[in-house]
Amino acid sequence: MVIVKTTVRRDVLTLPAAPLGPENPLPALRPLDEVHTLDERAKEGLPRDMARQLGYEPLRGILPVRLLDGYGRERTEAPVDTIIIENDRLRATVLPGYGGRVHSLFHKPTGRELLYRNPVLQPAAFALNGAWFSGGIEWNIGATGHTTLSCAPLHAARVTAPDGGEMLRLWEWERLRDLPFQVDLWLPEGSDFLHVGVRIRNPHERPAPVYWWSNIAVPEERRVLAPADEAWRFAYAGGLDRVPVPECDGVDRTYPTRSEYPADYFYDVPDGTRRWIAALDAEGHGLAQTSTDRLRGRKLFVWGTGAGGRRWQEWLTEPGTPGYAEIQAGLARTQLEHVRLDAESEFSWLESYGPLSADPSLVHGDWARARGEAEARLAEALPRDAVEAAYEAWLSCADTEPGESLATGSGWGALEVLRAEYKMPGTPFAESTLGPEQAPWLELLHTGAVPEPRRVTPPGPTLVSPHWRDMLETAPARPHAEYHLGIAQWHAGDRAQAVRSWERGLELAPSRWPLLRCLAVADQAEGHAERAADSYAAAFDDLCEERRDDGELWTAATAALGREAMAALLAVGRTEAARAVWERLHARTRNEGRFRLVEAQLLFAEGDMDGVRAVFEAGFEAADLREGAETVGALWAAATGEEIPARYDFRMRPPGE
């Protein structure tokens, strides 16, 4: 048999894609809008380690990351850069510009695609910072939810693999938790399994909360198998309860299409048991994922067959496309937990992905036999000790310096390495990656001062970690420094001092609207709705006087501030002022689907129910609806008293919950 040498190469894939649009230039001061939260009563009676990790430094907001919410839903054929790693058995297609997502894992001997491969690239508001898309294998690091790197570029390079061949390394600096990480994709010659070595490092002198879940999309017409007889079920009404596997409430929940509503099932894999999960079709064929024991958790997510779940499936791809489910693997039992990583230490593990075939009469029968059959076939295809051996072999190469660069990520890691002189063997953050966003912070680092902008423009991003906050505290108290200092203080929980910093900056600021907007958010947080509305109105007036053109940056700022200002004004019944804001938005902004929803909300506040109905009947798609959003349907029901049309029904909970 001739074994083909493993290769790593760049390529281009053409997909119908919706452009991501610009980042939202307003700092994300509001609390995190995340649906995976528990009420306090749900935490009673949980295992002690789970309860501790559920309460361990949950994320409160997404600073210093910015929201990415300017995308639409108009797709055109677009080239997407890819990196392909393949041997004679498997071909993995990776998207370095989209979080290193494995878009496809194709098994050559059988001609089978092992993943759910989305035929379009359609952003939706599922990531912690907004834009995310479905399909393939994604690497979720940071905090509960989809990573802020879902639609961001990673660094990528060729590296020498443990067997002397080629390996693909992906790496970046994760900014929510301020931690560098790497993902190494290694496909040994002749192997049916793609090995993935992962390392998260904490270079700081303090512990850090860590979150990781590898999220694998598979066709939903499968049975999902894992080595567990119980699971922790999270439903979108906010509860976490322990349920039997496979049957719960009289239904076998290991078949994704047998659930009516979306739910997470976190399998309770016993200690000492091999970690694995598989999704197999009616003929017993499909994908298996296994790992070393560090990656403890296994999960099934189902959309369900209800109207809301089906609508979300259509929303994330295109009508007529088969649905998908997600099988996942993570560091903790559930995705609601964060794990402590000690100072100056690291977590590492190895995952393996490949085809699995088993006897369908067993796979689709009794649970114990189905599990046993899948586990036996996995042991034949990839023994547990082979995974351990691959992990040990990969560890010896984890520090190997990359060779040819294949893609470039952000410059934030380079800035952190310069600041603290961190040594990062294997994951170089080169000074050449520093760009305009890092330039003001580089000047602060070298001179101790925040530069004032040379031209009128929306402010750039803010750094908020303790060391940067300390530098801002001692920088000359000029308006731009006070603006950034206030944001860092707000992030640290010192709201009163943040307000004082913004008020000081406002006294001399040539550009007032960024500071006025921050003060408006602070007033809202304190329950001062009327004062917040005043500040928002003043901020929007100032922006409209200051904006220099209708280019992308100013249009994004106008849209973001206008949307917030209208919501604040409507909240206190000031419909005329809200209408005045609406009229000053750019025409193309008013025509976007997300602003058609705002228009319907404005018409509702004005009492024009016929106008609301007309907007709905004309049709719109609010591209940035959040996971679990019921805003659209609730507005229709309030305005008409009628059943929610299917195209606007995004409910993820049973009625009344």
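At 36% relative accessibility, glutamate 346 counts as partly exposed in the predicted model described here, where this residue is found in strand S26, a run that covers residues 345–357. When residues up to four places away in sequence are not counted, glutamate 346 touches Arg199, Ile200, Arg201 and Leu341. Its C-alpha atom is separated by 17 Å from that of valine 417, and the two residues lie 71 residues apart along the chain.

Valine 417 belongs to the buried set of helix H6 (residues 412–420), in which Trp412, Gly413, Ala414, Leu415 and Glu416 are buried as well. The cover over the buried residues of H6 includes one strand, S10 (166–174), together with the helices H7 (439–447) and H8 (466–474). Just after H6, the backbone of glutamate 421 takes a positive phi of about 55 degrees.

A further group of helices is found later in the chain, and helix H12 provides a convenient point of entry. Helix H12 comprises 18 residues (529–546) and reaches 25 Å from its first C-alpha to its last, a span close to the 26 Å expected at 1.5 Å a residue. Buried positions in H12 are Ala532, Ala533, Ser535, Tyr536, Ala539, Phe540, Asp542, Leu543, Cys544 and Glu546. An α-helix has 3.6 residues a turn, so residues three or four places apart point the same way. The buried residues of H12 pack against three helices, namely H11 (513–525), H13 (552–571) and H14 (575–583).

Two residues illustrate this packing from the side of the partner helices. Arginine 517 is found in helix H11 and, because its relative accessibility is 2%, counts as buried, the cut-off being under 20%. Leaving aside its neighbours within four places in sequence, arginine 517 is in contact with Tyr536 and Ala539, both of which are among the buried residues of H12; the contacts of arginine 517 also include Leu561 and Glu564, as well as Leu26, Pro27, Leu29 and Arg30. Leucine 569, in turn, lies in helix H13 and counts as buried at 0% relative accessibility. With neighbours within four places in sequence again left aside, the contacts of leucine 569 are Ala533, Arg574, Ala577, Ala578 and Val581, and of these Ala533 is one of the buried residues of H12. The C-alpha atoms of leucine 569 and proline 360 are separated by 60 Å, with their positions 209 residues apart along the chain.

At the level of the whole chain, there are 18 helices and 27 strands. The C-alpha trace spans about 75 × 60 × 50 Å along its principal axes, and the radius of gyration of 25 Å agrees with the value near 26 Å that a compact globule of 657 residues would have. Buried residues make up 59% of the 657 residues. Of the contacts in the chain with a separation of 6 or more, 72% are accounted for by residues 24 or more positions apart. The chain exposes about 25,000 Å², of which carbon and sulfur atoms supply 48%. As for charge, the chain carries 72 positive and 100 negative charges, the mean positions of which are 1 Å apart.

Definitions and conventions:
Residues are numbered from 1 along each chain as its sequence is written. This is a predicted model: local features need pLDDT of at least 70, side-chain atom pairs count only at pLDDT 80 or more; totals for chains, interfaces and linings use all residues. Side-chain values use heavy atoms; hydrogens and water are left out. Helices (H or I, at least four residues) and strands (E, at least two) are DSSP runs, numbered from the N terminus. The expected span of a helix is 1.5 Å times one less than its number of residues. Buried means under 20% relative accessible area, exposed over 50%, partly exposed in between (1.4 Å probe, protein chains only). Contact means heavy atoms within 4.5 Å. The radius of gyration is taken over C-alpha atoms; the globule rule is 2.2 Å times the number of residues to the power 0.38. Accessible areas come from the Shrake-Rupley method with a 1.4 Å probe; for residues, only the protein chains shown count as cover. Lys and Arg count as positive and Asp and Glu as negative; His and the chain ends are not counted. The place of a charge is taken as NZ of Lys, CZ of Arg, CG of Asp or CD of Glu.
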